[in-house]
Structures are given as C-alpha cells and as structure tokens.
Amino acid sequence: MAVRNLKAVALAACALAVAGKVQLRHSSHKAADSSLHVGSFVTPLEFKHQLRVCNAFANSAKMDVFRGAESLTAETSMPYKSCRDFDAPLKSGDKLEFRDVFRGAESLTAETSMPYKSCRDFDAPLKSGDKLEFRLGDASSGTFSVADLPNNDAVLLLVIHRHDSVSAAVSFESHVFAALESAQVAVIDTYRGKDRAVAKIMDKSALAQKDQKAAPVRSEQLRYDSVVAVNPGEYEVQLDAADGKQESRASLVALKHESYVVLRVGVEGEHGEQFPSELVVFPNPDPAALHSAAAQPFASLASVSLAAFAALWAC
C-alpha cells in the first residue's frame, strides 16, 4: 500500500485516523476479606507516538508548528472599534493570541523555527482532538485535527510542501510507521515542476571499492509514494534526471527499528525564487551505530504491507 498522495490545500482541516479501535477497560479487584487489600495487576496500555515533521515547503521563510490553537473568531473577524462576548470558558493556563483571537496555541518550535529542507522529531505526545497549525511567519499555512491515534507504538510522519509551482498553497503527505524490526524508508516526491527524476539506492561499501574486479555496484529504484524495508548498513541515495545526469546524492545509515524518510524537494516556480531538485534524508544516525550489530549485505528492497498501520489524513 503506497503512502497516500493527498491534495489538501492551504487551511484545509485534515484528520489522522487508523482503522480499528481497541478499548481497554481497567478494573480493580478487592478480596472478600476487607483486611487484605489486593492491588490491581492490570494496567492500561500506554503507547509512544512520536511526531516527525518535515518542512519541504520551498520558501526562504522558516516554518513554525503550533498545537491546540482554537479560533474564537472563526466565523467573523473583529473590526476596529468592535467588542464581543465569547462563549468559551477559560481555564488556568489558557493563552489568548490576537491575530483574529486564538486560544491555547502551544508552539512546538518555540526555540528554533524549521528552515526549508529540515525535519524534526517532537517530544509532544498527541491526543485525540489536538490541532496542529503550520505557519510561515505570521501567515497560517494549514491546520490539522487529530481524530484518533494508532493502538501501537508508532512514528507519525507529516510532510508539508507546495501544492503547485504557482501559488503559495500547501499540500501534505503523511504516514504512520509501525514498530518493526527492519529499517523502514518512506519515499516521497514533493518537487513541483516539469523536471522528472528517478531516485535510486545503492550499497555505499560497494561504491568505495577500487578493485576493478569487484562485483558491480548494485542499485535499485526507489518508487515515490511507497514504503520499503532495507537491511542494516550504509547506503547512498541518488537522484538522476531524465538524461541520466546526477542531480543530488545523500547518505542513508539504516539501523534496525528505525524509520526514515527520503524526500525529493524543490520547485520550478513560475514566479519568485527557484529551488533545485534535490534529496533530503532523515534521520541521519552515526555510522558507528552499525558496529553494535553486524550489517547485512545489500538485499533487494521489500515493500512493506501498510494495511494495519497506514496513515489516513482524510479531509
């Protein structure tokens, strides 16, 4: 199952949902003898959901990510010399932000905004009903509502990029990585323009060999909008134009249990700045981490079945 290619535009509200819900009820038992207290041996399951955001929106301005913003003036903004009563009970710790009027916005990127071509993992546990707002400067680019979360440990990937090469509208790509032993790689093309390019993966150790008698370098094409599994090891990901010319190259250090994203970014803008077609790979672990486990030889890429843990950002 391929990563869903969504056509959500700016300010589109989308929801994260995963098929199937499991509700666990916690109960306690007390012995008939009131003098003997027996504590519960059943505890609620807690899952770790890590939010991973990539800024593939080709722009010189940096991106900020906010959580929990609720617009109190959603229907009608407040003109000069106006007053209004809001049916919005406040609680201790609430914040009011005046653009229109927003309540409860928490900046996930408070310390450092995200520049173009950057990805970041956020230690910000999500819950059902959370909203994520993406801003370029003071302008809101898009908002998501989290409807539900998977009932397993997972990395929640969200990529924001240009919807087209003309406007400033945005689109989103998303995927939920399940906790698997093998390294998983999501391959996503966010480039907007006429240029066509193919992404390939090859064994880095083979590239380093100088022996002419050595076996030829093995490489395989990475299909866009798909997720594959690779063996632990060091690889090179290369982007080749239609004429065979290399456009970009990036290293990929594959570790067990890790989830990666390979992005093709850039825009052939009809107006304003031009951003070349190139590769972004995240995360970038230290190759020394491979020494803790023997690296496997290069193997054919295996498509990962996503039926049980696909990301459904449905508008």
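**Sheets and ring contacts in the predicted model**

In the predicted model, the charged end of Arg135 is placed over the ring of Phe66, at 3.6 Å from the ring centre. A second arrangement of this kind involves Arg162, whose charged end sits over the ring of Phe57, 4.9 Å from its centre. Arg135 falls within strand β9, which spans residues 131-136, and Arg162 falls within strand β11, which spans residues 154-162.

Contacts between aromatic rings were examined next. A pair of aromatic rings is described by the distance of the centres and the angle of the planes. A search of the whole structure returns 2 aromatic pairs. In one of them, the ring centres of Tyr116 and Phe275 are 5.2 Å apart and the ring planes meet at 75 degrees, and because planes over 60 degrees apart count as edge-to-face, the pair is assigned to that class. Tyr116 belongs to the loop between β7 (106-107) and β8 (118-122), whereas Phe275 belongs to strand β20 (residues 275-282), so that the pair ties together parts that are 159 residues apart in sequence. With a relative accessibility of 13%, Tyr116 counts as buried, and Phe275, with a relative accessible area of 12%, is likewise buried.

The other pair is formed by Phe134 and Phe172, whose ring centres are 5.8 Å apart and whose planes stand at 50 degrees, so the pair is classed as tilted. This pair also links distant parts of the chain, since Phe134 lies in strand β9 (residues 131-136) and Phe172 in strand β12 (residues 170-178), 38 residues apart. Both Phe134 and Phe172 are buried.

Strand β12 also takes part in an open sheet of 4 strands, which has the order β8-β2-β11-β12 and in which the pairing is mixed. The edges of this sheet are occupied by β8 and β12, each of which has a single partner strand, so one side of each is left without a neighbour in the sheet. On average, and with direction ignored, neighbouring strands of this sheet are turned by 15 degrees against each other. Within the sheet, strand β2 (residues 49-56) and strand β11 (residues 154-162) pair in the parallel sense over 8 bridges, and the bridge partner of Arg52 in β11 is Leu157.

Another open sheet is formed by 4 strands in the order β15-β14-β17-β18, and its pairing is antiparallel. Its edge strands are β15 (219-222) and β18 (246-254), each of which pairs on one side only. Neighbouring strands of this sheet are turned by 25 degrees against each other on average, again with direction ignored. Strand β17 (residues 233-241) is joined to β18 by 8 bridges, the two strands running antiparallel, and Glu234 stands opposite Val253 in β18.

Over the whole protein, the secondary structure comprises 1 helix and 22 strands. Of the 315 residues, 43% are buried, and the exposed area amounts to about 17,500 Å², of which carbon and sulfur atoms supply 51%. Among contacts with a separation of 6 or more, 71% are accounted for by residues 24 or more positions apart.

Key. Residues are numbered from 1 along each chain as its sequence is written. This is a predicted model: local features need pLDDT of at least 70, side-chain atom pairs count only at pLDDT 80 or more; totals for chains, interfaces and linings use all residues. Side-chain values use heavy atoms; hydrogens and water are left out. Buried means under 20% relative accessible area, exposed over 50%, partly exposed in between (1.4 Å probe, protein chains only). Contact means heavy atoms within 4.5 Å. Accessible areas come from the Shrake-Rupley method with a 1.4 Å probe; for residues, only the protein chains shown count as cover. Two strands pair if DSSP finds at least two bridges between them. Axes are lines fitted to C-alpha atoms, for helices over the stretch in contact, and angles run from 0 to 180 degrees between N-to-C directions. Rings of Phe, Tyr and Trp (its six-membered ring) pair if their centres lie within 6.5 Å; planes under 30 degrees apart count as stacked, over 60 as edge-to-face and the rest as tilted. A charge sits over a ring if NZ of Lys or CZ of Arg is within 6 Å of the ring centre and within 35 degrees of the ring normal.
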